[in-house]
Amino acid sequence: MDAYEFEMFVRDSAPVLRRYARAVTADPDHAEELLLQTYVRMATAWDRLLDGRGPLGYAKVTMVRLHTSPLRAILRRARQVAATAPVVAGGEVGREDDSQLRGLLAGLPPLQRVVLVMTYLDDLDDESIAAAVGRRPATVRSLRDRALGTVRAGLPPTRVRAESEVAG
């Protein structure tokens, strides 16, 4: 392993992967933990990483797989049960809709949130997402549809109409 190359990768990729982890987890604390676990996993496999995807693609797939693994889901639920303080949305002026949307995304099951992140942030097709999360493309489409339905149901009708016009 070339330690210098790995250190450079960590330094250069940290901002991008930190944002990605926050989008995947919807929680800054869990995002940092996930980012560190991803780097640990990558350090052990650094010599084998230079395939067609490159280290950044490998890191994103590793992050998604770590986040959606059954053991992590159990640990995440245990932490949520242990947390007694209610989550309060940020009270910035003019950000009510954004905080509401963030809250809706944070409330999605992890796999649905991951599918939305990989669809809209990474612009990946169903087959690529399916390979990353270990599901079939039809399951990815179903997860995305359910996630979007949940988000749309929680948004005010005027916001849903405006987003549909922009998307169409």
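A helix here is a DSSP run of H or I that is at least four residues long, and helices are numbered from the N terminus. Keep that in mind as you move around, and remember that this is a predicted model.

**Stop 1: Arg113**

Start by selecting helix α6, residues 110-120, which is where Arg113 is found. Show the side chain of Arg113 as sticks. Which side chain of opposite charge is nearest to Arg113? That is Asp27, 8.5 Å away, and Arg113 is buried without any salt bridge. Follow the side chain of Arg113 outwards and you will find that it reaches the backbone oxygen of Val24, at 2.6 Å.

Now bring up the neighbours. Leaving aside residues up to four places away in sequence, Arg113 touches Ala23, Val24, Thr25 and Ala26, along with His67, Leu105, Ala106 and Leu108.

**Stop 2: two residues with positive phi**

One of the neighbours of Arg113 is Ala26, so select that residue next. Ala26 sits in the loop between α1 and α2. Its backbone deserves a look: phi is positive, about 65°, although Ala26 is not a glycine. Is Ala26 buried, partly exposed or exposed? With a relative accessible area of 33%, Ala26 is partly exposed.

Then jump to Asp123, another non-glycine residue with a positive phi, here about 55°. You will find Asp123 in the loop between α6 and α7, the latter being residues 126-133. Asp123 counts as exposed, at 67% relative accessibility.

**Stop 3: the aromatic cluster**

Select Phe6, Phe9, Tyr39 and Trp46 together; ring pairs link these four residues into a cluster. Searching the whole structure turns up three aromatic pairs. Two numbers help when you look at any of them: a pair of aromatic rings is described by the distance of the centres and the angle of the planes.

Begin with Phe9 and Tyr39. Their ring centres are 6.3 Å apart with 85° between the planes, an edge-to-face pair. Phe9 belongs to helix α1 (residues 3-25) and Tyr39 to helix α2 (residues 28-45), so this pair ties together parts that lie 30 residues apart in sequence. Phe9 is buried at 11% relative accessibility, and Tyr39 is buried with a relative accessible area of 9%.

Keep Phe9 selected and turn to Trp46. Why is this pair called tilted? The ring planes of Phe9 and Trp46 meet at 40°, so the pair is tilted, with the centres 5.5 Å apart; angles under 30 degrees would count as stacked and those over 60 as edge-to-face. Trp46 lies in the loop between α2 and α3 (54-68) while Phe9 is in helix α1, so the two rings tie together parts 37 residues apart in sequence. Trp46 is buried as well, with a relative accessible area of 6%.

**Stop 4: Lys60 and its two partners**

Next, select Lys60 with Tyr20 and Asp122. Lys60 lies over the face of Tyr20, at 4.9 Å from the ring centre. The side chain of Lys60 also meets that of Asp122 in a salt bridge, 3.0 Å from N to O. This salt bridge links distant parts of the chain, with Lys60 in helix α3 and Asp122 in the loop between α6 and α7, 62 residues apart. Are Lys60 and Asp122 buried or exposed? Both are buried.

**Stop 5: further salt bridges**

How many salt bridges does the structure hold? There are five, so two more sites are worth visiting.

At the first site, select Arg18 and Glu32, whose side chains meet in a salt bridge at 2.5 Å, N to O. Arg18 lies in helix α1 and Glu32 in helix α2, so the bridge ties together parts 14 residues apart in sequence. Arg18 is partly exposed, with a relative accessible area of 30%, and Glu32 is also partly exposed, at 27%.

For the last site, select Asp126 and Arg141, which form a salt bridge of 3.3 Å, N to O. Asp126 is in helix α7 and Arg141 in helix α8 (residues 137-154), so the pair ties together parts 15 residues apart in sequence. Asp126 is buried, with a relative accessible area of 14%, whereas Arg141 counts as partly exposed at 40%. Finish by adding Arg144 to the selection: Asp126, Arg141 and Arg144 are linked in a network of salt bridges.

Methods
Residues are numbered from 1 along each chain as its sequence is written. This is a predicted model: local features need pLDDT of at least 70, side-chain atom pairs count only at pLDDT 80 or more; totals for chains, interfaces and linings use all residues. Side-chain values use heavy atoms; hydrogens and water are left out. Rings of Phe, Tyr and Trp (its six-membered ring) pair if their centres lie within 6.5 Å; planes under 30 degrees apart count as stacked, over 60 as edge-to-face and the rest as tilted. Buried means under 20% relative accessible area, exposed over 50%, partly exposed in between (1.4 Å probe, protein chains only). A charge sits over a ring if NZ of Lys or CZ of Arg is within 6 Å of the ring centre and within 35 degrees of the ring normal. Lys and Arg count as positive and Asp and Glu as negative; His and the chain ends are not counted. A salt bridge is a side-chain nitrogen of Lys or Arg within 4 Å of a carboxyl oxygen of Asp or Glu. A polar contact is a pair of N or O atoms within 3.5 Å; within protein, one must be able to donate a hydrogen and the other to accept it, and residues adjacent in sequence count only if both atoms are side-chain atoms. Contact means heavy atoms within 4.5 Å.
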